[in-house]
Amino acid sequence: MSKETKKPFRQSMTEWRQFIYNPNSGEFLGRTAKSWGLILLFYLVFYGFLAALFTFTMWVMLQTLSNDIPKYRDRISSPGLMISPKPDTALEFYFNKSDAQSYAEYVATLRKFLESYDDSKQSQNINCTPGRIFDQNDVAVKKACRFNLSELGQCSGKEDKTFGYSKGTPCVLVKVNRIIGLKPEGEPRIQCASKEAGMVEINYFPPEGLIDLMYFPYYGKSLHAHYLQPLVAVQLAINSNSTKEEIAIECKILGSPNLKNEDDRDKFLGRIAFKVQMTE
Amino acid sequence: PVQNMTSKFPSGPLAKAAQVLARDGPNALTPPKATPEIVKFLKQMIGGFSILLWIGAVFSWISFGIQLAQGAESPFDNLYLGVVLALVVILTGIFAYYQEAKSTNIMASFSKMIPQQALVIRDGEKKELPADQLVVGDIVEIKGGDRIPADIRLIFAQGCKVDNSSLTGESEPQSRSCDFTHENPLETKNIAFYSTTCVEGTATGIVINTGDRTIIGRIASLTSGVGNEKTPIAIEIEHFVYLVAGVAISIGVLFFIISVSMRYKILDSIIFLIGIIVANVPEGLLATVTVSLSLTAKRMAKKNCLVKNLEAVETLGSTSVICSDKTGTLTQNRMTVAHLWFDNQIYSADTSEDQTTQPFDQSSPSWTALSKIVTLCNRAEFRPGQENLPIMKRVVVGDASETALLKFAEVILGDVMNIRAQNKKVAEIPFNSTNKFQLSIHKTDDPNDERFLLVMKGAPERILERCSTIMINGKEEPLDSEKAEAFQTAYMELGGMGERVLGFCHLYLPENEFPDTYSFDTDSMNFPTSNLCFVGLLSMIDPPRSTVPDAVSKCRSAGIKVIMVTGDHPITAKAIAKSVGIISATSETVEDIAKRLNIPVEQVNWREATAAVVNGMELKDMSSQQLDEILCNHSEIVFARTSPQQKLIIVEGCQRQGAVVAVTGDGVNDSPALKKADIGIAMGIAGSDAAKNAADMVLLDDNFASIVTGVEEGRLIFDNLKKTIAYTLTKNIAELCPFLIYIIASIPLPIGTITILFIDLGTDIIPSVALAYEKAESDIMNRRPRNKRKDRLVNEQLAIYSYLQIGIMQSVGAFVTYFTVYAEQGFLPSTLLGVRVNWENNAINDFEDSYGQEWYQRTYLQWTGYTAFFVSITIQQVADLIIRKTRRNSIFQQGNKVIWVGIFSQIGIALILTYGLGHVTALNFTPLRFQYWFVAVPFAILIWVYDEVRKLFIRRYPGSK
């Protein structure tokens with residue numbers, strides 16, 4: 001094949017200019033304004049139609065859904081655990097017990113988190129029978145059970161406004177993820193352990209980290225508007241020799257056969273691990 | 001001079017020969033430097049497509065590096081992606097290499113010839129030596145049928161004739177003697193060249209050049225100086241790669257700017273940029289194209305076109321000019337009797353390859369007389385042991401004309417050898433160039449007739465000179481001027497058809513003068529050789545193969561110009577060109593017009609002539625502009641008496657016109673032109689190794705008609721590759737859109753890299769290949785060859801239609817499924833917007849959905865989304881496959897069973913991936929609820945209907961923009 005001879009620069013520039021706007025035929029980028037207009041109109045109509053179609057199908061699909069519970073709940077059968085406060089970065093707490101600034105954020109988070117548990121917010125909640133699943137399937141308006149902050153003892157933030165951070169006994173709240181319709185069996189409780197023995201002493205509120213069955217099941221945001229999930233406060237009394245050291249703590253949910261906590265690949269299924277490092 | 005030479009190169013002791021051999025090397029042509037296998041192998045991996053994939057792979061690894069350094073969650077996806085891309089290139093390379101190696105092996109089997117032997121006189125002893133042991137100074141003896149073992153200077157020759165066709169292309173045997181007749185070694189009569197054959201006679205000569213220093217060696221080395229051209233399909237693929245790269249980089253940069261202005265981190269934006277670019281790489285296309293090409297190559301091999309280089313498969317399809325050899329390609333490469341003249345009338349004979357009878361009127365007694373002369377005055381004989389072969393296939397000892405006559409007689413009369421035995425030969429004068437006749441005297445097979453029969457054949461005018469009577473309807477009549485005139489007319493007419501004419505006469509010797517015991521002496525010629533009775537003329541030609549005229553007319557309707565390039569005589573060349581249709585019945589050359597108008601050639605307006613016969617001598621004096629003019633202005637061209645170098649010039653001339661040129665050839669002399677051509681086609685049977693080496697394709701049956709099949713397949717694969725690419729490009733958008741939306745709307749990633757790979761290299765591969773089985777939509781042999789500047793493999797229209805219309809529709813369909821899956825699991829579309837950062841943060845263990853549930857584990861849900869997206873694309877790709885099947889015809893107008901295989905495989909693989917491998921974590925698939933398979937079905941139907949409507953418009957209003 002013969003090589004195309006290179007066009008002189010000036011000629012190719014003129015050709016480009018001609019291509020961008022050709023004054024003779026009124027063509028802009030190789031097409032007339034009318035042609036461009038038609039193309040634009042076509043795509044406007046085409047994409048408009050697609051957008052309408054998309055919206056319509058989505059609308060039809062949403063009509064098939066219930067407002068109260070999701071159609072399928074097979075992707076979360078067993079709950080995970082979560083703590084509050086949750087540090088920004090990873091699940092690692094660093095603070096200096098003599099420096100209020102260093103734990104101010106944790107305290108603020110806890111305070112905010114516990115706001116919805118305040119007695120004033122729980123006026124509509126009822127006192128349920130402890131130790132029993134609170135089944136409300138037949139009731140149209142689902143009631144929420146009262147969770148008394150006093151259950152959290154020293155971690156309720158009432159006596160100690162710093163949740164123990166200033167004393168070197170920081171509180172961490174452990175909660176079980178909300179899952180609609182979940183009914184734990186047995187006597188579920190939270191138990192935490194440190195890998196390093198003797199560095200920390202762990203106290204639970206309510207005692208033994210028990211989670212009362214009366215808070216289950218959950219009926220979903222729209223039906224169960226005032227629902228409060230049960231909390232377990234874990235108070236870490238850090239040994240004074242163990243300051244400046246990173247203490248790894250893992251909390252698990254125990255005592256309930258249908259709440260899983262052992263999965264090699266899934267480190268949040270029924271358990272949570274976090275680290276605490278306190279300085280003075 | 002002979003004495004000088006012998007003293008210079010004494011044909012002396014063996015030691016001397018060994019010394020010279022050590023100095024000059026063996027007497028063989030150095031084969032063209034074979035590309036090392038490893039280089040061939042690596043070359044498979046750096047083509048246009050492969051480069052794209054390599055860049056994709058490198059980008060993926062860069063991305064992996066960045067993410068790894070950042071400590072991102074799943075950086076290994078990018079590592080795998082890069083590895084897969086590299087693997088695709090390597091595996092496809094291995095496949096292509098294997099395919100081409102296979103073709104090369106088939107060809108290698110052709111070249112296993114028996115080593116040539118030469119009869120050498122060394123140390124005063126005659127001995128047989130392998131020809132490659134010859135050295136300069138050796139004295140060799142050759143005889144009829146031998147191949148000349150080196151360039152030799154003749155010191156003795158008797159009736160020696162050589163066929164120089166392997167050197168000059170001219171098949172007419174040339175006589176050789178010891179006389180120095182010309183300064184130019186190519187013209188002088190006392191040199192015989194390596195690789196030519198001695199047709200008859202004997203000769204002895206001194207070796208003057210061996211191996212690569214021979215004339216043919218020098219021509220062969222021309223080949224290596226000719227560069228290889230890029231194939232048209234390679235250019236198209238390059239164009240496609242530019243297009244894809246342009247789109248990839250534009251979208252990438254656009255979204256880089258968007259993501260930066262959305263306050264993504266620069267490093268993240270770079271990762272997005274790379275992700276977008278890599279997502280545009282069509283991973284499966286390289287493999288698909290290679291497989292499609294090799295399928296076509298296989299199909300072509302079945303039809304006797306063996307393709308050496310996969311890309312050459314398509315080149316024939318874009319061919320616009322074929323420069324064809326005459327001998328052996330267009331013709332049968334054997335002399336055959338074509339016409340007879342007796343009783344003042346011309347009869348035509350059947351010249352087809354498999355004749356068993358001759359249809360012309362054989363009742364005249366003149367024919368009986370003529371047939372007797374043909375049978376008896378002939379020294380050619382069949383090799384024994386061929387009784388079961390068809391006559392035309394039997395091997396004959398004798399020259400081309402005599403062979404033709406022998407076979408002709410055998411077909412009509414039956415056992416010629418028996419007839420000869422019954423008419424015992426008593427004397428004979430063989431043909432020689434002074435007499436220009438051949439004569440023999442026989443006893444007749446009629447027991448009542450004691451007369452001897454003298455039969456003679458030779459150059460017609462010489463034969464006529466010796467005749468005084470002429471046989472008309474079996475009666476001898478005096479040869480008056482009127483009858484002589486009739487002879488002249490017939491002779492001119494047959495000669496004008498490019499045929500070799502022979503005259504035949506006989507004489508019954510009077511019994512009284514030549515009794516039974518008469519002793520004939522051929523030296524003193526004690527018998528009459530004049531006043532004979534003229535019986536008739538026979539004319540012979542190397543006739544065209546019977547399939548060729550049809551093939552030429554097919555080429556013509558396909559818009560391909562067929563140019564004949566031959567070393568033969570212009571008249572013969574023109575006659576063959578006319579009979580096969582290279583020069584059509586109605587068109588005239590300048591000479592024809594001059595003859596018709598009865599004016600000198602110079603006065604003819606050459607623009608009126610559509611045909612041209614150009615002589616090699618004229619070509620020698622032409623400038624390239626003049627040649628261009630000829631190539632431009634004449635649609636039917638024959639080049640006669642051309643040399644190998646001129647063939648190269650002609651090919652270059654055609655290429656200057658912008659044509660894609662195919663060249664056929666068989667000799668070593670053709671190899672430079674074969675290499676220069678866009679596609680060189682060598683002959684499998686007659687072709688030399690050098691020709692096969694230089695060619696891209698080999699015709700296993702040496703038949704021009706096979707080229708037409710190749711053209712058809714080439715055009716078809718081009719059309720089908722277009723479909724394959726359109727099919728592949730479409731889903732590219734459906735794979736890219738999720739990523740773009742993910743960046744802009746910050747939704748959970750709809751489809752992951754690995755899942756995309758499973759589409760590109762899994763479900764879509766078989767359907768893409770199935771498109772290669774698609775039949776032609778309209779008669780592809782009725783349209784002109786594609787214009788390589790305008791008819792691109794992938795043009796903007798195709799890209800826009802795939803990207804902006806069908807691709808977008810697919811994306812919409814897939815997104816509907818994606819949102820449905822998430823909504824039914826608890827995440828309504830409104831909840832999903834803007835959640836990307838929290839969603840991907842593994843420390844957030846209580847991600848709240850639209851119903852108040854808290855999610856710690858979102859990966860499986862995300863994978864379900866991937867699977868749903870994957871399934872939707874697959875379903876819509878079925879629609880895409882159906883619409884891409886045809887470009888103009890409705891799906892109802894054209895079936896293709898392989899497409900069904902494609903569709904079933906696509907769905908089958910998707911089912912296996914989702915349900916069979918849904919539990920394998922690394923693959924990111926989850927078993928999907930069955931209903932999600934149907935969410936995209938309405939969109940698939942929409943795509944199909946939309947495209948049917950488009951095709952309807954195209955059929956209704958063809959040609960509109």
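## Two-chain predicted model: strands, spans and interface

In chain B, β1(B) and β2(B) make a hairpin with two residues between them, and Asp123(B) in its turn has a positive phi of about 55°. This is a predicted model, in which local features need pLDDT of at least 70, side-chain atom pairs count only at pLDDT 80 or more, and totals for chains, interfaces and linings use all residues. Residues are numbered from 1 along each chain as its sequence is written, chains are lettered from A and ligands numbered from 1 in the order in which they are written, and side-chain values use heavy atoms, with hydrogens and water left out.

**Strands.** β1 (117-122) and β2 (125-130) of chain B run antiparallel and share six bridges. Leu119(B) stands opposite Glu128(B) of β2(B). Strands (E, at least two residues) and helices (H or I, at least four) are DSSP runs, numbered from the N terminus. Two strands pair if DSSP finds at least two bridges between them.

Chain A has an open antiparallel sheet of three strands, ordered β1-β2-β3. Its edges are β1 (21-22) and β3 (31-32) of chain A, each paired on one side only. β1(A) joins β2 (27-28) of chain A through two bridges, in the antiparallel sense. Asn22(A) faces Glu27(A) of β2(A).

**Backbone outliers.** Most residues other than glycine have a negative phi, and most peptide bonds are trans. Asp343(B) is not a glycine, yet its phi is positive, about 50°. Asp343(B) sits in the loop between β10 (336-342) and β11 (345-348) of chain B. Chain A has a cis peptide bond from Ser84(A) to Pro85(A), with omega near -5°. Pro85(A) belongs to the loop between β4 and β5 (92-96) of chain A. Another cis bond links Phe216(A) to Pro217(A), with omega about -5°. Pro217(A) is in the loop between β8 (200-205) and β9 (231-238) of chain A.

**Annotated spans.** Under "transmembrane region", an unreviewed UniProt entry lists residues 38-62 of chain A. For chain B, the UniProt annotation (unreviewed entry) covers several spans, including 860-878 and 930-946. Positions follow the numbering used here, feature names are shortened, and annotations may be inferred rather than shown by experiment. The table gives the computed geometry of three spans.

| Span | Helix | Strand | End C-alpha distance |
|---|---|---|---|
| 38-62 of chain A | 100% | 0% | 36 Å |
| 860-878 of chain B | 100% | 0% | 27 Å |
| 930-946 of chain B | 59% | 0% | 27 Å |

**Interface.** Contact (heavy atoms within 4.5 Å) involves 51 residues of chain A and 51 residues of chain B. The chains bury about 4300 Å² between them, 55% of it on carbon and sulfur atoms. Buried area is the accessible area (1.4 Å probe) that two parts lose on being put together, summed over both.

Five salt bridges connect chain A and chain B. A salt bridge places a side-chain nitrogen of Lys or Arg within 4 Å of a carboxyl oxygen of Asp or Glu. Glu854(B) and Lys175(A) form a salt bridge at 2.8 Å, N to O. On the side of chain A that touches chain B, α2 (33-63), β4 (81-84) and β6 (171-176) of chain A each supply at least two residues. The largest share is from α2(A), with 12 residues. By class, this side of chain A has 28 nonpolar, 11 polar and 12 charged residues. Ala, Val, Leu, Ile, Met, Phe, Trp, Tyr, Cys and Pro count as nonpolar, Asp, Glu, Lys and Arg as charged, and the others, Gly among them, as polar.
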